[in-house]
Amino acid sequence: MNIGFIGLGSVVETAYLPALQRLSFAEMTCWGYDSNPQRTLPGVVSCDSLASLLAKPIDILFITTVSLQHLPTLEAALHSGIMRIVVEKPIVASLSQIARLRELLSLPENAKRVLALDHWMARDGALCLAQGRMDSRWQPEGLANVTGPLVGSLDDIVGIDGFLLEPSGFNAAGEPVALNFATGEADTRELRHPDGVIVDIGTHVLAMMRETVRYLGGSDEIQLVAEQVKDRLGRPIARGDVVTAEGEAHLKGILGSIPVNLWLNKYAGPGVERKGICIILRDGRVISQYRVPGGESVELIDGDTVQCWTRLGAVYMHCLAEQILGPHSLFARAPEEVAKLTQRRLVEVETLLYIQQRLRGEH
């Protein structure tokens, strides 16, 4: 298997490559290109140009550049013979890029080749519990057991809250700094708009919420507004500011007919981490899914009684193994879904970009 990476930043180093090493695919070769020729990674054969990489016999290509470069890189890739192209989130980073991407994907021969990646593919525990189908991937703790669906119709849900709160540290000046999600080390990058929390990590939460509701038989139509947005230092984002990245945001709205909240924070504090969703049921019970060290946890909370299921392993490892690579990948088992999933991810990015427009002014 020949795998290509365009962009050799931290997500490849700390997420993709460890996942591929654990999966141990036979006869795997990784090729890579980065616009910074000094950026290389062990185990990845570097190419001296994008054209050189795209000329390789690549089976699957991952676009892992900075977000604003996703679209121009994808355009170049679509002119190659590579048939499976996966784009990291967010698939594009501006409204003008959305318009251009829709043009590209209007061609069926392009649409079937492009998959917008998101972690919800490997984070379906809350959905499984709502459906009453905790399969063998999810191991019960103690006597945890579910015998039937918890959600018979969408009327059984009174609200959904989504969280992506990331732990942070402090620099020498006592200011909060982001931490690498995989290593826990300080992230020395100074994030700029549009790579604040709304589009960067909001896409994860929104995709998880919309797919859960969709698979429960509801509408995934979403309306959101920004309730509160601040920068890294806790200051409100000023209208007209198209430079400063958002550090935290509270978005609220309606998903289908269900009230929703999204809580996003890249600087939640030392040791503070919450990544997942809570589904609040009309009977008072709560379905909660969140990341835990080494894996994922799903809980059914009924007053003081908590039932729990866990799944070990990194999100990227499960995504790659179950949805992206191998003979049972989404490209192989349900190729017609590739284009549909990408279109749904595009709607989410567009929704979040419009929030940024209303927050900052037209830009």
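Where is Ser24 found? Ser24 sits in the loop between α1, residues 10-23, and β2, residues 29-33. I will come back to that loop after an overview. One point before that: what you have in front of you is a predicted model.

Overall picture, then. The chain has eleven helices and 17 strands. Its radius of gyration is 20 Å, close to the 21 Å that the globule rule gives for 363 residues, so the chain is as compact as a globular protein of that length. Along the principal axes, the C-alpha atoms fill a box of roughly 60 × 50 × 40 Å.

Next, burial and surface. Of the 363 residues, 55% count as buried. The accessible surface of the chain is about 16100 Å², and carbon and sulfur atoms account for 52% of that area. On contacts: take those between residues at least 6 apart in sequence, and 69% of them join residues at least 24 apart.

Back to the loop between α1 and β2. Phi of Ser24 is near 50°, which is a positive value in a residue other than glycine. Ser24 has a relative accessible area of 55%, and because the cut-off for exposed is over 50%, Ser24 counts as exposed. Glu27 is also placed in the loop between α1 and β2. For Glu27, too, phi is near 50°, again positive in a residue that is not glycine. Its relative accessible area is 74%, so Glu27 is exposed.

Now a residue on the inside. Val114 is found in strand β6, which covers residues 114-116. Its relative accessible area is 0%, and with buried set at under 20%, Val114 is therefore buried. What is Val114 in contact with, leaving aside its neighbours within four places in sequence? The list is Leu74, Leu78, Ile85, Val87, Ile91, Leu105, Val338 and Thr342. For a sense of distance, Val114 and Ser297 are 183 residues apart in sequence, and their C-alpha atoms are 30 Å apart in space.

On to the peptide bonds. The bond from Lys89 to Pro90 is cis, with omega near -20°. Pro90 is found in the loop between β5, residues 85-87, and α4, residues 95-105. A cis peptide bond also joins His193 and Pro194, where omega is about 15°. Pro194 is in the loop between β10, residues 176-178, and α7, residues 197-200.

Lys89 and Pro90 bring us to the cavities, since both are in the lining of the largest one. How many cavities of 30 Å³ or more are there? The count comes to three. The largest cavity holds about 60 Å³ of space. Its lining is made up of Val87, Glu88, Lys89, Pro90, Ile91, Ala116, Leu117, Asp118, Thr203, Arg345, Glu348 and Val349. By class, that is six nonpolar residues, one polar and five charged. Val87 and Ile91 in that list have come up already, as contacts of Val114.

Which helix gives the most to the lining of the largest cavity? Helix α11, residues 335-360, does, with three residues.

One of the lining residues deserves a closer look: Glu348. Glu348 lies in helix α11. Is Glu348 buried or exposed? At 1% relative accessibility, Glu348 counts as buried, because the cut-off is under 20%. Leaving aside neighbours within four places in sequence, Glu348 is in contact with Thr203, Leu206, Ala207 and Arg210. Thr203 is itself in the lining of the largest cavity.

Last, a pocket. The second largest pocket has about 380 Å³ of space. It is lined by 16 residues, of which Trp120, Asp124, Tyr215, Gln323 and Arg333 are the closest to its centre. Which helices each supply at least two residues of that lining? They are α6, residues 125-131; α9, residues 315-324; α10, residues 330-333; and α11. By class, the lining of this pocket has seven nonpolar, two polar and seven charged residues.

To close, one element to look for is helix α11. It gives three residues to the lining of the largest cavity, and it supplies at least two residues to the lining of the second largest pocket. Glu348, with 1% relative accessibility, lies in this helix.

Note on methods:
Residues numbered from 1 in each chain as written. Predicted model: local features only at pLDDT ≥ 70, side-chain atom pairs only at ≥ 80, totals over all residues. Heavy atoms only, no water. 1 Å grid on protein atoms, 1.4 Å probe; cavity = no way out; pocket = protein on both sides within 12 Å on 5 of 7 lines; lining within 4 Å. Points joined across faces, edges and corners; volume = space filled by probe spheres on them. Helix = DSSP H or I, 4+ residues; strand = E, 2+ residues; numbered from the N terminus. Nonpolar A, V, L, I, M, F, W, Y, C, P; charged D, E, K, R; others polar. Rg over C-alpha atoms; globule rule 2.2 N^0.38 Å. Buried < 20%, exposed > 50% of the residue type's maximum accessible area, 1.4 Å probe, protein only. Contact = heavy atoms within 4.5 Å. Areas by Shrake-Rupley, 256 points an atom, 1.4 Å probe, with all protein chains shown as cover.
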